[in-house]
Amino acid sequence: MKKAALFVTAALLLALVAPVFAQPFADVPTDHWAYDAIAELAAKGLVEGYPDGTFKGDRALTRYEMAMIVARLLARIEAVAAQIPGPPPPPPAPEVRKADVDALRRSIDTINRLVREFQTDLQALGVRIESIEEELRNLRGQLDKTRVTGDYYGEYNGYVVGGTAPVTYFQRIRLTFRGQVAPNVAGTVRVRAYGDESTTLTWDFDRLYLDVNNVLGVLNFRLGRQTISFGPYGLLLNQDGLNTRRDAFKLSTSVGGLGLTAAAIRHSVTTQIIAGRASFGFIPGWPLGINFRSDSAPGTVDTGLGLDLTGSLWAGVTLKFEYMTWTPSGGTASPSYQAGLGFNFSELTGTEMAFSPTMNVWYKNFGSSVPGAHTLAGDWDSNIFGDITAWGADLSLQVTPATSFTVSYETGNRPVAGTTYSLVDATINHSLAQNTTLGFTYRTTSGTAFSNYTFYRVYLLYRW
């Protein structure tokens with residue numbers, strides 16, 4: 001009864017705040033580094049997202065989509081500019097209202113954040129943005145604000161292993177508070193309550209950090225509980241994949257076409273992680289990343305090096321590649337790599353195809369030594385294991401404006417262990433209403449590498 005009362009109270013609270021604070025897209029978390037810019041653009045109607053309520057930020061922007069954004073932006077600027085008085089012909093033009101000036105300042109602020117979001121891509125194309133940033137800084141207004149967003153997630157899971165089919169239930173509610181302390185200082189706090197059918201609710205803070213940006217004009221700091229990941233697949237460091245929250249200090253900067261990130265992560269009382277990344281566009285549109293990681297504990301040091309490359313081969317076809325070598329303390333280096341191609345068939349053919357099909361194919365070869373397989377941090381995604389050679393593919397379809405379907409298949413083996421496996425996964429997502437998604441996932445595995453099982457999940461996600 002206590003747990004039910006807590007969730008009823010929380011639900012009433014969310015019902016009150018939901019109409020005031022709306023999250024624009026279901027797939028843009030509130031703690032994403034580009035959230036503010038995306039939310040502002042959506043609020044102004046400059047970006048509208050996809051019919052299923054998603055933003056698809058990792059998808060390449062087409063020239064048509066960019067043209068729509070620019071057209072909307074020009075229309076907004078023209079609307080404001082039309083109210084600015086020209087030469088004093090009779091009758092005199094109306095004075096500009098304070099609301100119009102404030103709107104123009106907010107538009108400039110949005111453009112500034114948009115420039116920062118695509119800073120790496122612009123620099124990779126040889127575009128100088130320092131002068132643009134300086135001009136926008138001189139025009140942008142200083143607006144202190146606090147944003148409150150949140151989400152509710154509930155799921156039923158069923159596992160069929162050895163003839164038994166236990167069913168579990170899990171639910172979670174989160175509130176995120178983002179406040180602008182000063183023009184270049186912002187704080188983020190996320191309160192989380194979660195539990196299943198066998199436990200009472202657990203309350204904690206799974207995000208708690210302070211951002212200090214534009215120190216000396218080039219440095220950005222983040223201090224507190226956060227997630228840090230490197231590369232397109234996260235072979236060397238992937239805390240986002242597991243939502244692994246750890247206290248850390250992260251420093252990032254961008255000079256010319258070179259982006260640098262350094263982080264000190266507290267894994268436990270005795271284990272620390274030092275990581276770094278450098279990225280630069282040695283070929284326009286093809287950023288190259290170089291990664292480093294060192295895990296240290298009393299008497300033990302594991303180290304790893306990696307590199308990654310992403311880019312567009314031609315319209316509708318993208319490439320991702322990542323390589324990593326990991327050396328456990330007292331052991332030998334073991335390399336791992338993964339490569340994949342992404343296909344957007346509408347862009348590839350230049351036509352609006354039915355169901356907007358997209359496909360990814362990949363091949364991966366993971367050595368016997370990987371981060372976490374030794375004794376330390378374990379920051380790989382839950383689907384990544386050592387001693388794996390496999391290939392796979394997935395296909396996504398937009399069945400209706402509100403319903404999407406994805407099916408994937410992977411098969412491989414573990415050469416050292418001498419075992420095999422295959423995995424089939426199918427997911428349907430349906431948008432019941434804005435920011436409300438109902439989903440169903442079915443998965444089955446076979447082979448000798450892992451325990452064979454059939455798994456299904458029904459879940460509901462609501463964001464505000």
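Start by selecting Y442: this tyrosine is partly exposed, with a relative accessible area of 36% (buried means under 20%, exposed over 50%, and partly exposed in between, with a 1.4 Å probe and protein chains only). You're looking at a predicted model, where local features need pLDDT of at least 70, side-chain atom pairs count only at pLDDT 80 or more, and totals for chains, interfaces and linings use all residues. Residues are numbered from 1 along each chain as its sequence is written, and side-chain values use heavy atoms, leaving out hydrogens and water.

Now colour strand β17, which is where Y442 sits. Strands (E, at least two residues) and helices (H or I, at least four) are DSSP runs numbered from the N terminus.

Next, add Y156, V167, I428, L432, L438, F440, Y456, V458 and L460 to Y442, and you have a nonpolar surface patch with about 860 Å² of accessible area together. Two or more of its residues come from each of β16 (419–433), β17 (436–447) and β18 (454–463). Patch members have over 30% relative accessible area and no salt bridge (a Lys or Arg side-chain nitrogen within 4 Å of an Asp or Glu carboxyl oxygen); nonpolar side chains are joined within 5 Å, like charges within 9 Å.

Hop over to S252, in strand β6 (residues 246–255). Leaving out residues up to four places away in sequence, S252 touches V218, L219, N220, L260 and T261 (contact means heavy atoms within 4.5 Å). Try the C-alpha distance from S252 to L219: 6.1 Å, for residues 33 apart along the chain.

Finally, zoom out. The chain has 7 helices and 18 strands, and 38% of its 464 residues are buried.

Methods
Areas by Shrake-Rupley, 256 points an atom, 1.4 Å probe, with all protein chains shown as cover.
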